[in-house]
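Reader: I am new to this structure. Please take me through one part of it closely, in short sentences.

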Amino acid sequence: MSRTAEEIATQPTCWRRAAEAAASFTAGLPRPGERVAVTGCGTSWFMAIAYAALREAAGQGETDAFASSEFPSSRAYDRVVAITRSGTTTEVLDVLAAVRGKVPTLALTADPKTPVMDAADAVAVLDWADEESVVQTRFATTALAFLRAALGPVAGVKPVAEAAVDAELAVTEPLPEAVLAAEQWTFLGRGWTYGLALEAGLKMREAAGAWTEAYPAMEYRHGPIAITGPGRVTWVFGELPEGLAGEVARVGGTLHAHATADPAADPMTDPMTDPMADLIRAQRLAVALAEAKGLDPDRPRNLTRSVILSS
Ligand code: F1P
């Protein structure tokens, strides 16, 4: 078994630990009402996007997410939250340096021996979720689980402890054959699950060199549906928009979805599965596809653990 697959399987335990850690961590977390910017690169950026939407859904204040390379440092925020597993990513450190002394910052990292420790005002060290894998799986979802748990109850979103129960199934349940056999995958989500859709697409590209796309779910009918057809998958994180199952069926695509009230839907997974647990299925799909292509998921093509730019 690849190291990546082993790390994917530990996510239920990591999420439970993240919920415990969030309960006792106070220094530097966004406070209700604050205007917050969340930032990161790659996978960490997509977790930032998911958290930003979740925080707004919780009614805790305006929250924007930016790729660190595009961070608008002239804008006024009450707090900046940076996510970086490695603690060394140049663009993330640059954002923290640019706002230093002007805006309080919190960083989430897996490695306490890195420059981010001094670059941020407060740091949540989730080192027990660090990974040997280059492609991120458990650190990313654990960082999101930590921030999600810190928000407290959010309408329509399960507590992290319940998501961890769904994750137990997601790490073991066989993946649907039609999804494994497909040639193309389009990932969709609304609200906080759009960030998960972006991450699923990236994971499949990083680990398996797969052709993936990702969109806000309601954008799918505005063009992206043109890609769907026989042997191609439309995968919806979170609630399936009304009528979408019928549209996918009309063009001959395969739907992977859950959490639906749409009678036309043919859900392939547990209707109540937490979207983060469904992301685990996409991570496992990425590993399975890589292995089927003879690629080593632990050595993804063209990638390194962290991108450190020379100045
Ligand atoms: C961010 C990141 C990873 C990606 C790649 C390059 O790293 O973009 O998500 O998989 O390995 O770096 P980090 O800032 O979270 O360490």
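Author: What follows is a close look at one helix and its partners, with its surroundings added afterwards.

This is a predicted model, in which local features need pLDDT of at least 70, side-chain atom pairs count only at pLDDT 80 or more, and totals for chains, interfaces and linings use all residues. Residues are numbered from 1 along each chain as its sequence is written, and side-chain values use heavy atoms, with hydrogens and water left out.

Start with confidence. pLDDT is the predictor's confidence in each residue, from 0 to 100. The protein chain averages 94, and 96% of the residues score at least 70. Over residues 265–270 the pLDDT is below 50. That stretch still has 17 contacts in the model beyond near neighbours in sequence; a contact means heavy atoms within 4.5 Å.

Now the helix itself. Helices are DSSP runs (H or I, at least four residues), strands likewise (E, at least two), and both are numbered from the N terminus. Helix 3 covers residues 43–57. One partner is helix 6, residues 138–151. The two axes come within 10 Å and cross at roughly 20 degrees. Axes are lines fitted to C-alpha atoms, for helices over the stretch in contact, and angles run from 0 to 180 degrees between N-to-C directions. Helix 3 and helix 6 are therefore roughly parallel. Angles under 35 degrees count as roughly parallel, over 145 as roughly antiparallel, 65 to 115 as roughly perpendicular and the rest as oblique. The crossing is right-handed. That label applies if the near helix is turned clockwise from the far one by less than a right angle; anticlockwise makes a crossing left-handed.

Which residues touch? Helix 3 brings Thr43, Met47, Ala50, Tyr51, Leu54 and Arg55. Helix 6 brings Ala140, Thr141, Leu144, Leu147, Arg148 and Leu151. Eight of these residues are nonpolar, two polar and two charged. Here Ala, Val, Leu, Ile, Met, Phe, Trp, Tyr, Cys and Pro count as nonpolar, Asp, Glu, Lys and Arg as charged, and the others, Gly among them, as polar.

Another partner is helix 9, residues 193–208. Its axis lies 7 Å from that of helix 3, at an angle of about 165 degrees. That makes helix 3 roughly antiparallel to helix 9. This crossing is left-handed. From helix 3 come Thr43, Phe46, Met47, Ile49 and Ala50. They meet Tyr194, Gly195, Leu196, Leu198, Glu199, Leu202, Lys203 and Glu206 in helix 9. The split is eight nonpolar, two polar and three charged.

Next, the wider setting. The domain assignment gives domain 1 (3–155) and domain 2 (173–292); such bounds come from an automatic or database assignment. Their centres, taken over C-alpha atoms, are 25 Å apart. The contact takes 20 residues from domain 1 and 19 residues from domain 2.

Last, look just before helix 6. Trp128 lies in the loop between strand 5 (122–125) and helix 6. Trp128 and Ala18 are 110 residues apart in sequence, yet 9.6 Å apart in space, C-alpha to C-alpha. Leaving aside neighbours within four places in sequence, Trp128 contacts Cys14, Arg17, Ala18, Ala21, Arg138 and Thr142.
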